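Colleague: Please take a close look at one part of this model for me. I would like to hear about the nonpolar patch on the surface.

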Amino acid sequence: KGKVVVLTMKEENNYNLSEAMRLALPAAPVSMAFSSMDEWMIFGLEDGSVFFVSPDGQEMAGFQAFDSAVTKVSLSPDGRWLAAASADGLRVFVGIP
């Protein structure tokens with residue numbers, strides 16, 4: 001299964017990284033995007049699914065978008081449209097969670 005480690009950067013004399021949280025996803029992440037309003041982290045997964053995770057890691061939602069790995073995800077500026085690409089092609093989804 002997929003794992004993501006979210007780090008925080010603190011500036012003291014040098015940037016200091018510390019772990020903020022760990023996410024367990026249903027498959028390995030291949031691509032990632034942020035919503036423009038910081039409501040979601042969006043992951044394209046190796047199993048062809050797209051997964052949404054809230055910034056605190058508490059809310060998660062996903063759906064099967066393709067049969068092959070999702071190599072690119074991108075949200076429209078208003079957050080209503082999601083474009084996802086894989087070896088299967090490009091798909092645009094509306095009504096994002």
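Modeller: Here is the patch, followed by the nonpolar cores. This is a predicted model, where local features need pLDDT of at least 70, side-chain atom pairs count only at pLDDT 80 or more, and totals for chains, interfaces and linings use all residues. Residues are numbered from 1 along each chain as its sequence is written, and side-chain values use heavy atoms, with hydrogens and water left out.

Val5, Leu7, Met9, Tyr15 and Leu17 make up the patch. Together they have about 540 Å² of accessible area (Shrake-Rupley method, 1.4 Å probe, only the protein chains shown count as cover). Patch residues have over 30% relative accessible area and no salt bridge, and nonpolar side chains are joined within 5 Å. A salt bridge is a Lys or Arg side-chain nitrogen within 4 Å of an Asp or Glu carboxyl oxygen.

Strands E1 (2-11) and E2 (15-25) each supply at least two patch residues. Strands are DSSP runs of at least two residues, numbered from the N terminus. E1 gives the largest share, three residues. Tyr15 sits in E2. Tyr15 is exposed, at 56% relative accessible area (exposed means over 50%, buried under 20%, partly exposed in between).

Now the inside. In soluble globular proteins, nonpolar side chains tend to be buried together. A nonpolar core is a set of buried Ala, Val, Leu, Ile, Met, Phe, Trp, Tyr and Cys residues joined through side-chain atoms within 4.5 Å. The largest core has 13 residues; Val50 and Phe52 are among those touching the most other members. E7 (70-75) is one of the strands supplying at least two residues of this core. E7 gives the most, three residues. Apart from this core lies another, of eleven residues, including Val4 and Met21.

Definitions and conventions. Patch = residues over 30% accessible without salt bridge, like charges linked within 9 Å, V, L, I, M, F, W, Y side chains within 5 Å. Helix = DSSP H or I, 4+ residues; strand = E, 2+ residues; numbered from the N terminus. Buried < 20%, exposed > 50% of the residue type's maximum accessible area, 1.4 Å probe, protein only.
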